[in-house]
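Biologist: Could you zoom in on one part of this model for me, the surroundings of the ligand?

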Amino acid sequence: MTFTQSPVDQTEQDAPAIEHLLDLAFGLNRIAKTSYQLRLGNTPVPGLSLVMRDRQLGLMGAISFWPVAIGAEMTPALLLGPLAVHPERQNMGIGRALITEGLARARPKGHELVLLVGDPPYYARFDFRQVPEGQITLPGPLDPKRLMFMELADGALAKASGMMLPPWRWNEINAPRATT
Ligand SMILES: CC(C)(COP(=O)(O)OP(=O)(O)OC[C@H]1O[C@@H](n2cnc3c(N)ncnc32)[C@H](O)[C@@H]1OP(=O)(O)O)[C@@H](O)C(=O)NCCC(=O)NCCS
């Protein structure tokens, strides 16, 4: 079975089903992952949080993209994820549809760089490539082979160097401090 329907915008009513789906896909310890640090105090980019539903199962898949900033220069990028597809609907093109639609929506909004932490063999299908080791770091343990990028504008990766954090965290770090 393959799906011809298009992803649609997430709504507030999807939230509990999405949390359940993420537990199913990634396990209950998922919040210990380093990529979750990048979502703390952060808000998904509007218009890029998508779901696919069917009558029988309800939620079949979900994706979101988060704003991140890299290095003290705060080079902006999108962090793709989490992406999850219900175990009963995997390998039917739902992940592909969610990624393709998310990237198609991101391009005209002027986003230049997309990053993710995920399985390289899957994301290579979409032309994501490994970030050169050490160029971008995360605030926690990371297998560097799993940190991948896609440029939506030529040369975007070259501008991104340093630690990836939520923008609010870099704003806090860069804020001038009163000296005593
Ligand atoms: C990974 C995931 C998002 C893919 O979505 P999906 O809708 O099942 O996959 P698609 O239909 O888009 O693509 C299916 C193809 O990708 C391959 N594929 C699926 N997951 C893969 C993975 N983790 N690594 C490599 N290839 C993978 C399938 O073998 C299939 O290959 P084929 O087209 O040659 O038959 C989904 O399976 C999922 O949520 N899995 C649980 C979470 C997980 O394992 N995440 C790891 C990636 S971060």
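Which helices and strands each supply at least two residues of the shell around the ligand?

Modeller: First, the ground rules. Residue numbers start from 1 along each chain, as its sequence is written. This is a predicted model, so local features need pLDDT of at least 70 and side-chain atom pairs count only at pLDDT 80 or more, while totals for chains, interfaces and linings use all residues.

Now the shell: α1 (15–26), β4 (75–85), α3 (94–106) and α4 (120–123) each supply at least two of its residues. Helices (H or I, at least four residues) and strands (E, at least two) are DSSP runs, numbered from the N terminus. In total, 16 residues surround the ligand, a residue being near if its C-beta atom, placed from the backbone, lies within 6 Å of the molecule. Q90, G95, R96, G118 and Y122 are the closest. As for chemistry, the shell has nine nonpolar, five polar and two charged residues; here Ala, Val, Leu, Ile, Met, Phe, Trp, Tyr, Cys and Pro count as nonpolar, Asp, Glu, Lys and Arg as charged, and the others, Gly among them, as polar.

Take one of those suppliers, α1. Its twelve residues reach 16 Å from the first C-alpha to the last, close to the 16 Å expected at 1.5 Å a residue, where the expected span is 1.5 Å times one less than the number of residues. Right after α1 comes G27, and the phi of G27 is positive, near 90 degrees.

One strand to round this off: β5 (residues 113–117) pairs with β8 in the antiparallel sense over five bridges (pairing takes at least two DSSP bridges between the strands). There, L115 has F149 of β8 as its bridge partner. Strand β6 (residues 129–130) also pairs with β8, antiparallel over two bridges, and Q130 stands opposite M148.
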